[in-house]
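Colleague: I would like to go through this entry feature by feature. Please show me how to read each one, starting with strand pairing.

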Amino acid sequence: MPTRRYHDDAQRHPIKPYHATVLSILQAERAQRVLDAPCGQGWLGHALRRRGEPVQVEGLSLWEFPLEGDGYASAREHDLETPLPAHCAEFDAVVCAEALHLVRNPGLLLEGFARAVRPGGRIIITTPNTWYLGSRLQFLLRGYHAGFRPSVGRQRGEYIPFFPLSYPQLHLFFESVGLEDIRLHEVDEPKPRRWTERMLAWPARMYLSGRQRRAQDATEQNYWADAARDQALHGRWLVMSARRRQAQ
């Protein structure tokens with residue numbers, strides 16, 4: 001079993017496969033001011049500070065918070081089920097890691113993020129990917145996706161997933177709030193983990209590739225090409241981003 005690695009010596013911030021992807025997006029965007037919502041214990045601020053990145057990170061959270069010295073200019077208490085605070089504006093990027101599937105209205109939260117970034121700013125979402133074969137088979141046999149067991153009896157503040165998300169759903173959410181330049185990003189993880197997954201995914205890949213060949217324009221072609229990628233079909237993590245339109 002691989003040894004667990006951490007961003008910090010105190011082992012408060014375990015490194016997850018999607019972390020490097022998020023950091024590389026922020027670096028490529030040259031983001032100077034970032035909203036981390038929810039920030040949790042603050043892995044993002046800590047990782048950016050440790051890398052020496054000159055980024056001002058502001059956090060919102062409800063149940064967990066970073067410590068002083070974790071790299072946050074501020075970390076405020078806020079419930080993401082409610083509209084974002086008025087001060088959340090003109091960010092170069094918003095990062096929402098492993099939370100969109102935990103809110104009751106993902107579309108309203110994305111609308112808030114779209115208002116929180118400056119024109120041309122980027123919104124980065126990470127979520128468990130329920131499109132991989134193991135999750136689909138579990139849904140077929142048990143009626144729920146991997147990691148999305150029924151939450152009956154659980155109370156708010158416990159892990160309660162509402163929406164099992166996949167590439168097409170998250171792409172649709174981005175489009176519905178008027179975002180553009182929608183991207184599916186690679187995560188460094190085994191894709192697939194077992195040869196049987198690739199074999200069983202063959203019909204889906206053939207269908208998606210066929211839709212790509214019959215696409216009417218470049219936008220539709222890119223959509224189907226991304227849907228047929230290993231990251232969408234086999235990855236356990238989904239990292240996608242989109243840009244707020246530039247002001248006319």
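Colleague: How many bridges join strand β6 to β7, and do the two run parallel or antiparallel?

Modeller: Strands count as a pair once at least two bridges link them. Here β6 (residues 180-185) and β7 are joined by four bridges and run antiparallel. Within that pairing, His185 faces Val239 of β7. Keep in mind that the model is predicted.

Colleague: How many bridges join β5 to β7?

Modeller: Seven bridges connect β5 (residues 117-128) with β7, and this pair is antiparallel. Ile123, for instance, has Ala242 of β7 as its bridge partner.

Colleague: Why is β7 said to be largely enclosed by the rest of the structure?

Modeller: The cut-off for buried is a relative accessible area under 20%. Seven of the seven residues of β7 (residues 237-243) are buried, and therefore the strand is largely enclosed. To read the faces, take them separately. On one side sit Trp237, Val239, Ser241 and Arg243, on the other Leu238, Met240 and Ala242, and both sets are buried.

Colleague: Now a single residue. Is Thr126 buried or exposed?

Modeller: Thr126, a residue of strand β5, has a relative accessible area of 0%, so it is buried. Its side chain makes a polar contact of 2.6 Å with that of Glu98. Leaving aside residues up to four places away in sequence, Thr126 touches several others, including Tyr18, Val22, Cys96 and, in β7, Leu238 and Val239.

Colleague: Which residues lie nearest the centre of the largest pocket?

Modeller: Pro38, Trp63, Glu64, Glu98 and Leu102 do, out of 35 lining residues. Glu98 is thus both in this group and the polar partner of Thr126. The pocket holds about 1000 Å³ of space. Its lining comprises 16 nonpolar, eight polar and eleven charged residues. Among the elements, α1 (17-29) and β2 (56-61) each give at least two residues to that lining.

Colleague: What should I know about the peptide bond between Ala37 and Pro38?

Modeller: Look at omega. The bond joining Ala37 and Pro38 is cis, with omega at about 0°, and Pro38 belongs to the loop between β1 and α2. A cis bond also runs from Lys191 to Pro192, where omega is near -5°. Pro192 sits in the loop between β6 and α6.

Colleague: On to helices. How many residues of α2 are buried?

Modeller: As a general idea, an α-helix has 3.6 residues a turn, so residues three or four places apart point the same way. In α2 (residues 43-50), six of the eight residues are buried, and the helix is mostly covered. They are Trp43, Leu44, Gly45, His46, Ala47 and Leu48. These buried residues pack against α1, β1 (33-36), β2, β3 (72-77) and β4 (91-97).

In α4 (residues 133-142), the buried residues are Leu133, Ser135 and Gln138. Their packing partners are α6 (195-200) and α9 (230-234).

Colleague: Which residues take a positive phi just after α2 and α4?

Modeller: Gly52 follows α2 with a phi of about 75°, and Gly143 follows α4 with about 95°. Positive phi also turns up in residues other than glycine. Arg30 has about 55° and lies in the loop between α1 and β1. Glu90, with phi near 65°, lies in the loop between β3 and β4.

Colleague: Is Arg30 buried or exposed?

Modeller: The cut-off for exposed is over 50%. Arg30 has a relative accessible area of 71%, so it is exposed.

Conventions: Residues numbered from 1 in each chain as written. Predicted model: local features only at pLDDT ≥ 70, side-chain atom pairs only at ≥ 80, totals over all residues. Heavy atoms only, no water. Buried < 20%, exposed > 50% of the residue type's maximum accessible area, 1.4 Å probe, protein only. Polar contact = N/O pair within 3.5 Å; in protein donor to acceptor, adjacent residues only side chain to side chain. Contact = heavy atoms within 4.5 Å. 1 Å grid on protein atoms, 1.4 Å probe; cavity = no way out; pocket = protein on both sides within 12 Å on 5 of 7 lines; lining within 4 Å. Points joined across faces, edges and corners; volume = space filled by probe spheres on them. Nonpolar A, V, L, I, M, F, W, Y, C, P; charged D, E, K, R; others polar.
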